[in-house]
Amino acid sequence: ILHGLGPKVGPKELIVTIQPGENGLQCTIQDNGVGVLATQKQKDGKDHRSMGMKLVRQRLDLMGLRGHEHLSITDRSTLNPPAEGTLVYLTIPLEQ
């Protein structure tokens, strides 16, 4: 949130939805920030290392949720039609 919406000029939007799905809880997080690609470009050549995504992946590993079937991160500029921001899908399996 800090890196994506912080530098954005104008209205900022963050939408979080959580709903039951076939494979567990479906979490969708969407913002209209600068996007992950622009954030990576801003970091090029800087000493700052963001720990956010590393920590998320470590937590998923601890829960046994490895692989792209549980987490998807998309820069919305790569979608058709392109838009600003980032789109994250996270599936959390529910124990039966």
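In which strand does Leu14 lie? Leu14 lies in strand β1, and the legends below, which describe a predicted model, begin with the whole chain before turning to that strand and its surroundings.

**View 1. The protein chain as a whole combines 3 helices with 4 strands.** Read from the N terminus, the elements of this predicted model follow one another as α-β-β-α-α-β-β. The protein chain has 96 residues, of which 25% count as buried, and its accessible surface comes to about 7,300 Å², with 55% of that surface belonging to carbon and sulfur atoms. Among the contacts in the protein chain with a separation of 6 or more, 51% are accounted for by residues that stand 24 or more positions apart.

**View 2. The 4 strands form an open sheet in the order β1-β2-β4-β3, with antiparallel pairing.** Strands β1 and β3 (71-75) stand at the edges of the sheet, and because each has a single partner strand, one side of each is left without a neighbour in the sheet. From one strand to the next, the twist averages 10°. Helix α3, made of residues 52-62, packs on the sheet, where it touches β3 and β4, and the direction of helix α3 makes about 155° with that of β3.

**View 3. Strands β1 and β2 form a hairpin, with 2 residues between them.** Strand β1 covers residues 14-21 and strand β2 covers residues 24-31, and the two pair in the antiparallel sense over 8 bridges. Two of the residues in β1 can be followed across to their partners: Leu14 has Asp31 of β2 as its bridge partner, while Ile18 stands opposite Cys27 in β2.

**View 4. A nonpolar patch on the surface is formed by Leu14, Val16, Ile18 and Ile29.** Together these residues have about 340 Å² of accessible area, and the largest share of the patch, 3 residues, comes from β1. How exposed is Leu14, and what is its relative accessible area? Leu14 is partly exposed, with a relative accessible area of 38%, a value that falls between the limits of 20% for buried and 50% for exposed. As a general point on such positions, the side chains in a regular strand alternate between the two faces of the sheet.

**View 5. Asn23 is placed in the loop between β1 and β2.** Is Asn23 buried or exposed? Asn23 counts as exposed because its relative accessibility is 57%, and the limit for this class is over 50%. Not counting residues up to four places away in sequence, Asn23 touches Thr91, Ile92, Pro93 and Leu94. One of these residues, Thr91, is 68 residues apart from Asn23 along the chain, yet the C-alpha atoms of Asn23 and Thr91 are separated by 7.2 Å.

**View 6. Strand β4, made of residues 86-92, runs antiparallel to β2 and is joined to β2 by 6 bridges.** Along this pairing, Leu25 stands opposite Ile92 in β4, and the bridge partner of Gln30 in β4 is Leu87. Strand β4 is also joined to β3, again in the antiparallel sense, by 5 bridges, and here Leu71 stands opposite Leu90 in β4. How many of the 7 residues of β4 are buried? The number is 5, and β4 is thus described as mostly covered.

**View 7. A cis peptide bond joins Asn80 and Pro81.** The omega angle of this bond is about 5°. Pro81 is found in the loop between β3 and β4, the two strands that are joined to one another by 5 bridges and that are both touched by helix α3.

Definitions and conventions: Residues numbered from 1 in each chain as written. Predicted model: local features only at pLDDT ≥ 70, side-chain atom pairs only at ≥ 80, totals over all residues. Heavy atoms only, no water. Buried < 20%, exposed > 50% of the residue type's maximum accessible area, 1.4 Å probe, protein only. Contact = heavy atoms within 4.5 Å. Areas by Shrake-Rupley, 256 points an atom, 1.4 Å probe, with all protein chains shown as cover. Pairing = 2+ DSSP bridges. Axes fitted to C-alpha atoms, helices over the stretch in contact; angles between N-to-C directions. Patch = residues over 30% accessible without salt bridge, like charges linked within 9 Å, V, L, I, M, F, W, Y side chains within 5 Å. Salt bridge = Lys/Arg side-chain N within 4 Å of Asp/Glu carboxyl O.
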